[in-house]
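Dear colleague,

Please find the structure below, handed over for your own work. My notes on what was found in it follow directly after.

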Amino acid sequence: MKTPQQKHITCADSKETLLDFLKETKEKSEFVLKEIEFKSQNQWDFSEGALSHTSKGFFQVIGVENLADRSDQKLMLYQPQSALTGLIISRQHNELYVLLQARVEPGNTGVIQFGPTIQSTPANYLRLHGGKATAYIEYFTSFVPGCNLITHSMQHDLGSKYFQKSKTHHYLITEDFIETQENMIWASLRAIKGVLEEDNFLNADLRSLLAVFDWDGFLMERKVNSNEIKIDPPKNSSLGTYKMIPLDQLNNWRKSESGITPKKPSLPAIGFFHFSATNREVKAWSQPLYKIQNQGLVQLAYRKTEEKIEFLIKRGHEWGISTEFALYPSYMYSPENPNSDKPITNGRLKRRIIQCDEGGRFFQNDSEYQLIEIDDFDLTPGFTWANSDTLTFYLKQSNYCTFQLRCAASIALDILQPKAFGD
């Protein structure tokens with residue numbers, strides 16, 4: 001048994017170290033990805049109106065229909081079991097470190113990105129795939145001496161792609177560095193700050209976890225007066241407007257040799273892929289991935305006043321959001337869910353990144369995220385200005401902020417969390 005002095009600890013205090021670690025892990029993974037025909041695999045099948053894994057775990061591909069307009073249908077993913085995502089944090093020499101995973105996924109743009117300490121569905125950590133155990137799962141599912149829960153929340157997943165799916169965000173603090181297993185590295189907040197504007201470098205779940213946690217509050221024991229934070233609910237609820245239907249009742253999709261093919265090229269498709277890598281719980285597997293041709297656009301606008309910085313956010317709802325409303329960024333376009341809103345064109349682009357959606361479900365589904373400074377905005381219904389403290393408060397709440405708002409906030413962390421991520 002190793003003594004504490006003999007523990008293997010990999011640590012990054014700079015952007016360069018994280019870049020090198022990701023490159024080395026990618027090379028060691030020996031990944032192979034190829035698109036295959038549906039008939040060349042035997043783990044997924046069409047049964048009871050859905051595309052499902054034979055274990056009935058993981059996720060399903062289903063149809064969803066608008067009860068107010070039966071011709072209005074979507075192809076969506078259904079995964080009622082909440083995914084578990086979390087970070088283990090350690091304070092060393094007045095610096096906060098976060099345990100990250102260099103994670104290869106078949107649908108990632110670039111194959112590998114840094115993810116959180118744990119990013120796992122019940123099907124994975126219960127080992128329905130028959131592979132090895134999920135690293136560090138015991139810290140998030142049981143008591144481990146020396147490691148304590150700081151906080152946790154429930155957060156919306158992608159509301160235009162998943163039907164009513166949420167995931168839990170857990171944050172743990174450990175007194176000492178835990179030994180780093182394969183693909184894992186302790187990264188300082190300073191190192192993480194250096195890569196926040198790198199394209200497809202931190203995965204979407206990690207960006208969400210970074211945005212939701214109140215790093216400054218943890219460092220300074222800051223308290224926000226929630227009595228000053230109010231938001232009006234919508235007048236008409238859209239809950240219960242949508243229902244799941246069998247795939248064969250969808251008008252614009254059909255089963256095909258490749259999986260599920262749309263009748264219009266602008267609509268999403270389901271393709272099948274075979275993936276192998278030496279450093280995952282399972283060395284090789286085949287699975288469906290959600291595919292769509294065009295790139296999304298997400299804009300988060302802010303303005304500077306004499307006293308504070310304010311962010312422009314919008315109240316809205318999507319088919320897959322399980323609450324009456326959620327908070328969105330200033331503008332959001334996703335090709336599977338086009339809208340009539342217009343992007344912001346009269347501002348000053350301050351930052352931009354390209355970020356793909358979760359690589360375990362979506363194939364290179366990129367969106368461009370923009371942080372834009374504007375002078376003012378004519379507030380139409382649903383829009384509101386939120387200062388940094390207010391937006392930080394919203395982000396911490398369960399099922400308030402959409403995935404896109406959380407990801408967009410991750411490129412403004414120096415504004416939202418200046419003590420932890422500022423100069």
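**Burial and overall form**

Of the 423 residues in the chain, 57% are buried. Please bear in mind that this is a predicted model. Its secondary structure comprises 10 helices and 25 strands. The radius of gyration is 21 Å, which agrees with the value near 22 Å that a compact globule of 423 residues would have. Along the principal axes, the C-alpha trace extends over about 60 × 60 × 35 Å.

Contacts across the sequence are also worth recording. When contacts between residues at least 6 apart in sequence are considered, 72% of them join residues at least 24 apart. The accessible surface of the chain amounts to about 18,700 Å², and carbon and sulfur atoms account for 46% of that surface. As for charge, the chain carries 47 positive and 51 negative charges, and the mean positions of the two sets lie 3 Å apart.

**Helix α5 and His-169**

Helix α5 covers residues 204-212 and is mostly covered, with nine of its nine residues buried. Among these buried residues are the charged Asp-205 and Arg-207, as well as Ser-208, Leu-209 and Val-212. At the start of α5, a side-chain oxygen of Asn-203 comes to within 3.2 Å of the backbone nitrogen of Asp-205.

Which residues of this helix does His-169 touch? They are Ser-208, Leu-209 and Val-212. His-169 itself belongs to strand β12 (residues 166-174). Its relative accessibility is 0%, so His-169 counts as buried, the cut-off being under 20%. Other contacts of His-169 include Thr-85, Thr-151, His-152, Ser-153, Gln-155 and Arg-406. Two polar contacts involve the side chain of His-169: one with the side chain of Ser-208 at 2.7 Å, and one with the side chain of Thr-85 at 2.8 Å. The His-169 side chain is thus joined both to a residue of α5 and to Thr-85. Lys-396 stands 227 residues away from His-169 along the chain, yet the C-alpha atoms of the two are separated by 9.9 Å.

**Ser-330**

Ser-330 is found in the loop between β21 (326-328) and β22 (331-333). With a relative accessible area of 6%, Ser-330 is buried. What does its side chain reach? The Ser-330 side chain reaches the backbone oxygen of Leu-312 at 2.6 Å and the backbone nitrogen of Ala-301 at 2.8 Å. Leaving aside residues up to four places away in sequence, Ser-330 touches Gln-299, Leu-300, Ala-301, Leu-312, Ile-344 and Phe-383. Glu-358 is 28 residues from Ser-330 along the chain, and their C-alpha atoms are separated by 22 Å.

**Asn-183**

Asn-183 also occupies a loop, namely that between β12 and β13 (184-188). Its relative accessibility is 10%, and Asn-183 therefore counts as buried. A polar atom of the Asn-183 side chain lies 3.1 Å from the backbone oxygen of Asn-279. Asn-279 is among the residues that Asn-183 touches, together with Phe-21, Thr-25, Leu-100, Gln-101 and Ala-102, again not counting residues up to four places away in sequence.

With kind regards

Key:
Residues numbered from 1 in each chain as written. Predicted model: local features only at pLDDT ≥ 70, side-chain atom pairs only at ≥ 80, totals over all residues. Heavy atoms only, no water. Helix = DSSP H or I, 4+ residues; strand = E, 2+ residues; numbered from the N terminus. Buried < 20%, exposed > 50% of the residue type's maximum accessible area, 1.4 Å probe, protein only. Contact = heavy atoms within 4.5 Å. Polar contact = N/O pair within 3.5 Å; in protein donor to acceptor, adjacent residues only side chain to side chain. Rg over C-alpha atoms; globule rule 2.2 N^0.38 Å. Areas by Shrake-Rupley, 256 points an atom, 1.4 Å probe, with all protein chains shown as cover. Charge placed at Lys NZ, Arg CZ, Asp CG, Glu CD.
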